[in-house]
Amino acid sequence: MKTTIRLSTLLAIMTFSLVAQQKSDYAIVQRFQTMTKSITNNIDQAKTVQDCAEANTSIDAMEKEFGDDKALINKANYPDGYDKAVEQLRGRLLIRQRDLGVIESQIVRISELEVKIRELSDQVTKLTNQNDSLMAQVQKLSQNVKKLSGDLFNSTTPIDSLHNMLVKLRQGLQERDALIFALTDSLFMQYDKNVGDMKDVEKQGLLAKIDRHGIIGNIKRSILDNEAFLDMTQLRGSDLVTLVRQQKRFQSQWTGLAPSLTSLYLSGKSKKSEINVVDSMLAIWGGKVDGAMWRSLNTLFKEKGFNVKEFNNGDEFVANFIAFLDEQIQNVNKETSDTRYELFTKFNENLWQTDLYATWLPALTELSKISDTQKKDIEVKFERWRASIMPGATWLKYILIVLGVLLVAIIGIWIFRMRPKTTQKE
């Protein structure tokens, strides 16, 4: 009885495996046939060299995908199997290229770009999924870290893990931003001309590709994800400066792309409105990173123990910071020399050298939040504060230099006089 049951079970498993394999084989053959019909249709409708190049890339991709299933497809589609289908597609494409007057070298160049476009598009999708997963993990871990306090929080592991995730997520967002614009550039490079010089059929083809690869949707998604990252992390210092730079770079790239998209979307009002939507989203993102930047810098002064009046933009920052430096120079609080020296040393070592001069002033100038002249005014004021604390320091430096030179000269003369004298021989 047991033997019979075992045989029945084995037979059922074998039958199930056979049916599953048949379904799998059937699915492969069906997909091959579907792709063949789709590529044939695209070749017949091709109107530009870009259309021909895309069809050529699709044939290459089909060969790569079904190369290992050649025997299966040949058997299922006899006599028009794998080899015959590919041969017919290549021949059909060649005839279409001749009809359109397409040069083979153009096909090669644009096909290479098409391969790059597909790879970039896949990478954007992959990174988006990875970033979504990381974003969810960061939010969950952030909540867990906030719950830990007092005696319960005796390990830095959660904070270390959160920091590592944040670094990885920030890199992922930056990489996806770069990929989106690289993908867009590659799409325009296929046409190798300005939008104004394109024929209507070329514009329609480019628009179709932009929509197919979700360029506008990816740009919107990237802006929203970057905003969410800023809100959840509360970064400060150099980390925050990095985010500000990223937003400005994104803004600059969009500014270069928007006119071309506007020209393409002239025929469709609904599409053209997308440009304005992205502009508005970028303005909101820019306002958020700027606000976070000024809040961070205000907090820095407070945490270091220096009373600088709050500021919300570059001009206010310069005015309020210089006012603080003037107070120190004029010694409005009538402090003793020792107290003033101690305060200056604390400011110089704990804030000026470590944060302001090293990071913030160069970054604010680079990001056009303050001008080079304003930066120089701040540096001049700081040096005046230094001089008011140590008025003789400059002269002492020069005196030491002169003494050093004299000492070297004296040693040199002494060595010259002490050297052995040689006797001249006739």
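1. Let me start with helix H12, which covers residues 337–366. A straight helix of 30 residues would span 44 Å at 1.5 Å a residue, yet H12 spans only 37 Å between its end C-alpha atoms. The model is a predicted one, and this helix is a good place to begin looking at it. H12 carries a kink of about 60 degrees, and the kink is centred on tryptophan 352.

2. Please look next at which side chains of H12 are covered. The buried residues of this helix are Arg340, Phe344, Phe347, Asn348, Leu351, Trp352, Leu356, Trp360, Leu361, Ala363, Leu364 and Thr365. Trp352, where the kink is centred, is thus one of the buried residues of H12. An α-helix has 3.6 residues a turn, so residues three or four places apart point the same way. That is a handy thought to keep while reading along the list.

3. Helix H2 makes a useful companion to H12. Spanning residues 49–66, H2 has 18 residues and reaches 26 Å from its first C-alpha to its last, close to the 26 Å expected at 1.5 Å a residue. Its buried residues are Val49, Gln50, Cys52, Ala53, Glu54, Ala55, Asn56, Thr57, Ser58, Ile59, Met62 and Phe66.

4. What of the fold as a whole? The protein chain has 14 helices and zero strands, and read along the sequence its pattern is α-α-α-α-α-α-α-α-α-α-α-α-α-α. Of its 426 residues, 37% count as buried. Among contacts between residues at least 6 apart in sequence, 75% join residues at least 24 apart. The accessible surface of the chain comes to about 26000 Å², and 54% of that belongs to carbon and sulfur atoms.

5. Two backbone spots deserve a glance. Serine 368 comes just after H12, in the loop between H12 and H13. Although serine 368 is not a glycine, it has a positive phi of about 65 degrees. Is serine 368 buried or exposed? At 63% relative accessibility, serine 368 counts as exposed, because the cut-off for that class is over 50%.

6. The second spot is aspartate 192, in the loop between helix H6 (157–189) and helix H7 (200–212). Aspartate 192 is not a glycine either, and its phi is positive, at about 50 degrees. With 61% relative accessibility, aspartate 192 counts as exposed.

7. The loop between H6 and H7 also holds glutamine 190. Glutamine 190 counts as buried, at 0% relative accessibility. Which residues does glutamine 190 touch, leaving out those up to four places away in sequence? They are Gln50, Arg109, Ile110, Leu113, Glu114, Ile117 and Lys209. One of these, Gln50, is also among the buried residues of H2.

8. Phenylalanine 306 is another loop residue worth a visit, found between helix H10 (269–304) and H11. Phenylalanine 306 is buried, with a relative accessible area of 5%. Leaving aside residues up to four places away in sequence, phenylalanine 306 touches Phe301, Phe324, Leu343, Lys346, Phe347 and Leu351. Of these partners, Phe347 and Leu351 are included in the buried residues of H12. Phenylalanine 306 and phenylalanine 324 are 18 residues apart in sequence, and their C-alpha atoms are 8.8 Å apart in space.

9. On internal space, the count comes to one cavity of 30 Å³ or more. About 60 Å³ of space lies in the largest cavity. Its lining consists of Glu327, Gln328, Asn331, Val332, Asn333, Glu335, Arg340, Leu343, Phe344, Trp385 and Ile389. Helix H11 (314–330), H12 and helix H13 (372–389) are the elements that give two or more residues to this lining. The largest share, three residues, comes from H12. Leu343 of the lining is also one of the residues that phenylalanine 306 touches.

10. Finally, the open space. How many residues line the largest pocket? There are 15 residues in that lining, and Asn42, Gln45, Asp51, Glu54 and Arg212 lie nearest the pocket's centre. The volume of the largest pocket is about 310 Å³. Helix H1 (2–45), H2 and H7 each supply at least two lining residues, and the largest share, six residues, comes from H7. Glu54 is worth a second look here, as one of the residues nearest the centre of the pocket and one of the buried residues of H2.

Note on methods:
Residues are numbered from 1 along each chain as its sequence is written. This is a predicted model: local features need pLDDT of at least 70, side-chain atom pairs count only at pLDDT 80 or more; totals for chains, interfaces and linings use all residues. Side-chain values use heavy atoms; hydrogens and water are left out. Helices (H or I, at least four residues) and strands (E, at least two) are DSSP runs, numbered from the N terminus. The expected span of a helix is 1.5 Å times one less than its number of residues. The bend at a residue is the angle between axes fitted to the seven residues ending there and the seven starting there. Buried means under 20% relative accessible area, exposed over 50%, partly exposed in between (1.4 Å probe, protein chains only). Contact means heavy atoms within 4.5 Å. Accessible areas come from the Shrake-Rupley method with a 1.4 Å probe; for residues, only the protein chains shown count as cover. On a 1 Å grid over the protein atoms alone, a cavity is a set of points where a 1.4 Å probe fits but cannot get out, and a pocket is an open set with protein on both sides within 12 Å along at least five of seven lines; lining residues have an atom within 4 Å of a point. Grid points are joined across faces, edges and corners, and a volume is the space filled by probe spheres set on the points.
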